[in-house]
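Visitor: Please give me a close look at a single part of this model, the pairing of aromatic rings. I would like the setting as well as the geometry.

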Amino acid sequence: MIEIINSTFMEAIVAFARIAGCFMLLPGFSSVRVPQQIRVIFVLALTVSLLAYLPIDKIMLATIAPADLMRTLFFETIVGAVLCLSVRYYIVAVSFIVTA
């Protein structure tokens with residue numbers, strides 16, 4: 001029972017890292033005008049709502065070493081940032097086309 005709770009908690013942390021990395025650079029939400037508390041609450045709500053649909057290996061997360069967990073969290077944050085960086089570039093390109 002403890003392993004299931006532990007793996008679910010680790011799964012939520014990894015999903016939170018990717019979604020937080022995405023919202024770090026997402027246009028509109030990364031603005032200074034949006035308070036950090038609102039961003040954190042929104043990322044937590046999105047993580048909880050998407051947790052059932054994320055394909056993550058539960059056995060791997062339950063037996064992962066702390067150094068490997070930190071490496072996984074770092075790379076998940078980088079992946080989320082790169083995904084939303086492409087969205088940011090797309091928005092910049094569209095705004096450039098509109099003003100040109």
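Guide: Happily! Let's begin with contacts, meaning heavy atoms within 4.5 Å. When the partners in the protein chain are at least 6 apart in sequence, 80% of the contacts join residues at least 24 apart. Please keep in mind that this is a predicted model, in which local features need pLDDT of at least 70 and side-chain atom pairs count only at pLDDT 80 or more, while totals for chains, interfaces and linings use all residues. Residues are numbered from 1 along each chain as its sequence is written, and side-chain values use heavy atoms, with hydrogens and water left out.

The protein chain has four helices and zero strands, so its elements read α-α-α-α from the N terminus (DSSP runs: H or I of at least four residues for helices, E of at least two for strands). About 7,200 Å² of the protein chain is exposed, with 76% supplied by carbon and sulfur atoms (Shrake-Rupley method, 1.4 Å probe). Of its 100 residues, 23% are buried, where buried means under 20% relative accessible area, exposed over 50% and partly exposed in between, with a 1.4 Å probe and protein chains only.

Now to the rings. Those of Phe, Tyr and Trp (its six-membered ring) pair if their centres lie within 6.5 Å; planes under 30 degrees apart are stacked, over 60 edge-to-face, and the rest tilted. That rule gives four aromatic pairs. One of them joins F23 and F29 edge-to-face, with 5.2 Å from centre to centre and 65 degrees between the planes. F23 is buried, at 8% relative accessible area, whereas F29, at 30%, is partly exposed. F29 also pairs with F42: the centres are 5.1 Å apart and the planes meet at 15 degrees, so this pair is stacked. Here distant parts of the chain are linked, since F29 sits in the loop between α1 (2-25) and α2 (36-50), and F42, 13 residues apart from F29, lies in helix α2. F42 is partly exposed, with a relative accessible area of 38%. Together, F23, F29 and F42 make one aromatic cluster.

While we are looking at helix α2, do find T47, which also belongs to that helix. T47 is buried, at 4% relative accessibility. Setting aside neighbours within four places in sequence, T47 touches A12, A15, F16 and I19.
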